[in-house]
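Please read the following briefing alongside the sequence and the coordinates. The topics are overall make-up, surface and charge, and the surroundings of one strand.

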Amino acid sequence: MKTMRKGSLFQLVIPSNWKNVTIEHILKEEWQAPKKLIHSMRMNKDIKVNGDYFPWDKPLTPGDTLEMELFKKTDYDVPPAYGDLQVLYEDDHLIAVNKPAGMDTHPNGPQDTETLANLLAFHFQAKGESCRVMHIHRLDRDTSGAVIFAKHPLAKAILDRLLIERQVKRTYLALVHGRLKQKKGTISEPIGRDRHHNTRKRVSPSGQKAVTHYKVLEFRENMTLVEVVLDTGRTHQIRVHMSHIGHPLAGDTLYGGKPVFKRQALHAARITFPHPLTGEWIECEAECLDDIGLNS
């Protein structure tokens, strides 16, 4: 699929395999954009074909150029802050970066100005891009690794849907206490709030469904390096589940781990997903930036 950016416009040349498609079909079926966003684009006359306004229900011809006003100038919603930022992938629609440990993904209030989102705002500012910083998912403050952000509302809406549909695959590395007896396994236990602790979660019959798959990579003295893949994305899911089976994460004192590191030994090492607009498969590998033995 041939696409390009021209100023504030996203241009897409209708491919030969899109027969009799309409603007409406592309938005509703190909991209499954939310109704509210589609309505806004219609009202704002954000879409043209070959430079002219075109009926949304009239079939397009392969070779036609669809032009969408996707890259409108927008104020940053967080104050830009300078800092080291490791970019794993970037184009006009999204960016994937490697979050260091000890940093929040986004501000929890106006006083927070040193989060990953603030670094991204500075990165956009330095490139002359004016767009909001929109995270698709988060990592705990002390968990490092790959995080995706969208650059405009359509990319955000599609990536949010891909995440819900589990088409965004995240692979973690964790160092846990003890030696796991099984080479691989699945933990399927619901996770809810811990009534006795306001920041801790726990396995609870009344909690939300949570499924964690793990695979042993290697044993290290009295610890095990595991690869973890999630079917669900509950808060603290890996930390709660590994602690629940008697193998808390090294350094994770909140869930029974020993303070052998200054943080829990958990890193989002790989993220793969289809591009929201082109469908091209994107794979990002993130190195662990601090030396706690979490690079495979």
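The points below go from the whole chain to a single strand and its partners. The model is predicted, and its protein chain has 296 residues, of which 49% count as buried.

**Overall make-up**
- The secondary structure of the protein chain consists of five helices and 16 strands, and the C-alpha trace extends over about 65 × 40 × 35 Å along its principal axes.
- When contacts in the protein chain between residues at least 6 apart in sequence are considered, 64% of them join residues that are at least 24 apart.

**Surface and charge**
- The protein chain exposes about 15100 Å², and 47% of this area is supplied by carbon and sulfur atoms.
- The protein chain carries 42 positive and 36 negative charges, and the mean positions of these two sets lie 6 Å apart.

**Strand S9 and its partners**
- Strand S9, covering residues 169-177, is largely enclosed by the rest of the structure, because eight of its nine residues are buried, that is, under 20% relative accessible area.
- S9 is joined to strand S15 (residues 266-274) by six bridges, with the two strands running antiparallel, and within this pairing Leu173 stands opposite His267 of S15.
- S9 also pairs with strand S14 (residues 223-230), again in the antiparallel sense and over seven bridges, and here the bridge partner of Leu173 is Glu227 in S14.
- Leu173 is thus placed opposite His267 in S15 and has Glu227 as its bridge partner in S14.

Methods:
Residues are numbered from 1 along each chain as its sequence is written. This is a predicted model: local features need pLDDT of at least 70, side-chain atom pairs count only at pLDDT 80 or more; totals for chains, interfaces and linings use all residues. Side-chain values use heavy atoms; hydrogens and water are left out. Helices (H or I, at least four residues) and strands (E, at least two) are DSSP runs, numbered from the N terminus. Buried means under 20% relative accessible area, exposed over 50%, partly exposed in between (1.4 Å probe, protein chains only). Contact means heavy atoms within 4.5 Å. Accessible areas come from the Shrake-Rupley method with a 1.4 Å probe; for residues, only the protein chains shown count as cover. Lys and Arg count as positive and Asp and Glu as negative; His and the chain ends are not counted. The place of a charge is taken as NZ of Lys, CZ of Arg, CG of Asp or CD of Glu. Two strands pair if DSSP finds at least two bridges between them.
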